[in-house]
Amino acid sequence: VPAIPGVTNFTHPDPGTLNLVTVGNTSTVMTRQQLTDLNANADTRGIDFEWNYTGNHHFYGTQKHTNGVSGGSFQQDKFDEMQSWIGVANKNNSPNNRFIVLVDGSYWTDERIADLVNNITEPNVFVSRVSDLQTNIQNM
């Protein structure tokens with residue numbers, strides 16, 4: 001990601017330190033400290049990466065590298081996790097935020113990716129293979 005032209009301030013936060021959080025009917029991005037200060041049992045999803053693109057958009061991403069085409073319970077858990085992340089991201093209404101589910105590995109067939117995409121209800125949420133990320137970002 002850092003090598004993509006236009007990407008700046010790329011970070012890979014420590015697990016649990018930056019989260020996508022459901023607050024009422026919307027979602028927002030909060031640090032672990034903000035969650036602690038809120039003292040709430042919020043519906044949270046971890047953020048694996050964040051960066052700016054062309055100065056106008058702030059990207060948040062999660063990634064799952066999953067192998068195995070059989071779709072056993074472990075793989076289904078990863079699919080469900082990504083589906084849930086999309087559900088929370090769909091609730092964010094900040095016009096400059098973009099939310100990406102990055103998928104990689106043999107488990108993520110075109111059909112499974114299409115199944116994830118079918119859960120997207122907002123134009124600022126998308127699914128991408130790692131290999132297609134640069135093109136997808138530039139086409140937004």
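**Exercise 1.** Work out whether Asn92 is buried or exposed, then find what surrounds this residue.

*Solution.* Start with the relative accessible area: for Asn92 it is 5%. Buried means under 20%, exposed over 50% and partly exposed in between (1.4 Å probe, protein chains only), so Asn92 counts as buried. A quick word on ground rules: this is a predicted model, where local features need pLDDT of at least 70, side-chain atom pairs count only at pLDDT 80 or more, and totals for chains, interfaces and linings use all residues. Residues are numbered from 1 along each chain as its sequence is written, and side-chain values use heavy atoms, leaving out hydrogens and water.

Next, place the residue: Asn92 sits in the loop between α2 (73–89) and β7 (97–104). (Helices, H or I with at least four residues, and strands, E with at least two, are DSSP runs numbered from the N terminus.)

Now list the neighbours. Leaving aside residues up to four places away in sequence, Asn92 touches Ser27, Thr28, Asn97, Phe99 and Asn124, with contact meaning heavy atoms within 4.5 Å.

**Exercise 2.** Take the aromatic pair of Phe10 and Trp51 and say how the planes are arranged.

*Solution.* Searching the whole structure gives eight aromatic pairs. In this one, the rings of Phe10 and Trp51 are 6.0 Å apart centre to centre, with 35° between the planes. Rings of Phe, Tyr and Trp (its six-membered ring) pair if their centres lie within 6.5 Å; planes under 30 degrees apart are stacked, over 60 edge-to-face, the rest tilted. So the verdict here is tilted.

Finally, check exposure: Trp51 is buried at 0%, while Phe10 is partly exposed at 27%.
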